[in-house]
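User: I have a protein with a ligand to look at. Can you take me through it step by step?

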Amino acid sequence: MLSLSNKQVILGITGGIAAYKAAELCRLLMKAGADVRVVMTPSALEFITPLTFQALSGNRVYTDLLDEEAEAAMGHIELARWADLILVAPASANFIARLAQGRADDLLSTLCLATPATIAVAPAMNQGMWNNASTQDNVSLLLDKGIQVFGPDSGEQACGDIGPGRMLEPEDIAREAAKLFDTGTLAGVNVTITAGPTREAIDPVRYISNHSSGKMGYALARAAMEAGAKVILISGPVALEPPPRVKLVSVESARQMLDACQVVPGDIFISVAAVADYRPETTATEKIKKNDKTMTLNLVKNPDILASISLSEKRPFCVGFAAETENLEDFAKKKLVDKKLDLIFANNAAQTFNSESALATAYWPGGEQEFPRSSKAVLTRDMIALIAARYRAAAKPAKKRSRKASKQ
Ligand code: C5P
C-alpha cells in the first residue's frame, strides 16, 4: 500500500516542461498522507504558477531565499529541518549540476544543503542532455552522496526526440518516495504509549517516585510515529521533549495516568511507564513538619493500569514491559499470563534505567525473541517491527472469524 502517513515532504520544482506533472505528483503525495510544502525555482515559475500548488497543497508556496515574510513564518533552516524528504521533480540538468556541486544560490538548493532529510530527484530533460558526460558525472556524484535518483524513463520527449530523459510518471515517483520510508507497518494504527515514572504525593512538596527517565517510552513513541502510527504519549514527569507529531498527555500520579489511558487506549496499548506500585493512603494538605524521630507512611496499592486495560471488554493489543533485577524470564512470563498480555519485553532494570542503550527479550504466547544491546533509537525501531508483526498476526484470525460469522 502506498503510504506517506505522518511524513513531511518538500516538493521541489525546477524549470522544465514536466513541471505540469508535478501538480499531479503533489496531489498523490498528499493522498498518501504526506504534509507537502512546495518550493519552486525561478525558472519553474516560467512553466507553472505557484497558485496551482498553493491550492493543491493548502500551504503557501516558497519561491524566494530572501523573502522576509516567508522567513518570518518559517525560516529556510527551519523548513530544511522540518522535512523528512526533499523530493525534486522535475529535476533539470542545471539543478542536478548545482546539487552535485553543493551550491546554495536559490532557496531549493540552499534547503538541500541545509537539510538532514533524505533527498530524491526525478530527472527530466532532453535525451542529449541526459546522455551528456557532464550530466552523467553529476548524477554519479549525487548517488555517491546518498541522494536518490528516480528514473528517468525512456520514450518520446516534448521536443520530439526519442530516448532517455523523460520524467517518471507521478504515480511511479510517489511509489518510489513511499518505498524510502517503508512505513506500511503501522500506517493509520492508533497507538497509545505510557512512559516515565509516576509521582505519588505525600504532601504538597514531597512525593514517592522512581528513577525512570522516560527515554524508552519516548523512543518507542518516535519509532511508532515513524512507522506511520497515530501516537498518543501519556507521560509522567520527565525532562524530555516529546517527539514531533506525537500527541502528549502529561500526568503526575498513577490514578491520573489510568484516567488518561481509559479515555484513549487505541488499537495498540504499550505500557512502558514505571508506575509506582503504592501511594500514600492520604496526602497531607500542608507540609508535614519533622517533629518526630521516626515517621510512618501508610501505603495503599495503586491500580495496575496495564492489567485493567488488558482485562477490559474492548481490549486493544496489549504490550507490557518487565524491568527486573533478578529471574528476568520467569517474572516476565508470569506477567504475560497474569496480565493477559499479547507481548512483553523483559529487561534488566539496572542496565536500562536512565541509560542511552538497552537490550531486551520479548516473550509472547508461543514465542520469544532476543534484542541485543543497541541504542534506544535502534532497539525501539526493532521492537516496533515486532509489535506490528504480532499485532497483524493477532488481527488476522479475528478478521477471518468475523467474515465467517457474516456468511452464516
Ligand atoms: O510493575 P510491573 O513489573 O508489574 O510492570 C509490568 C508492566 O505493567 C509494565 O508494562 C508497567 O508499565 C505496567 N504497570 C502498570 N500499572 C502498574 C504497574 C505496572 O501499568 N500499577
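User: How far apart do the C-alpha centres of domain 1 and domain 2 lie?

Analyst: Keep in mind that this is a predicted model. Domain 1 covers 8–179 and domain 2 covers 190–388. Their C-alpha centres lie apart by 43 Å.

User: Which pocket does the space taken by the ligand correspond to?

Analyst: Start with the residues around the ligand, which include Ser271, Val275, Pro303 and Phe321. The space that the ligand takes is a pocket, and its rank is the largest.

User: Which helix and which strand each supply at least two residues of the shell around the ligand?

Analyst: Look at the shell list, which includes Ile305, Leu306, Gly320 and Phe321. Ile305 and Leu306 fall in the range 305–310, and Gly320 and Phe321 fall in 317–324. Those ranges belong to helix 12 and strand 16.

User: By class, how many residues of the shell are charged?

Analyst: Aspartates and lysines count as charged. The shell includes Asp277, Asp304, Lys335 and Lys339. Beside six nonpolar and two polar residues, the number of charged ones is four.

User: Which residue has a polar side-chain atom 2.8 Å from an oxygen atom of the ligand?

Analyst: Set the backbone contacts aside. A polar backbone atom of Ala273 is 2.7 Å from a ligand oxygen, and one of Ile305 is 3.0 Å from a ligand nitrogen. The side-chain atom at 2.8 Å belongs to Lys339.

User: How much of the ligand's accessible area does the protein cover?

Analyst: On its own, the ligand has 440 Å² of accessible area. The share of this that the protein covers is 87%.

Methods
Residues numbered from 1 in each chain as written. Predicted model: local features only at pLDDT ≥ 70, side-chain atom pairs only at ≥ 80, totals over all residues. Heavy atoms only, no water. Near = heavy atom within 4 Å. Polar contact = N/O pair within 3.5 Å; in protein donor to acceptor, adjacent residues only side chain to side chain. Areas by Shrake-Rupley, 256 points an atom, 1.4 Å probe, with all protein chains shown as cover. 1 Å grid on protein atoms, 1.4 Å probe; cavity = no way out; pocket = protein on both sides within 12 Å on 5 of 7 lines; lining within 4 Å. Sits in = over half its atoms within 2 Å of the grid points. Helix = DSSP H or I, 4+ residues; strand = E, 2+ residues; numbered from the N terminus. Domains from an automatic or database assignment.
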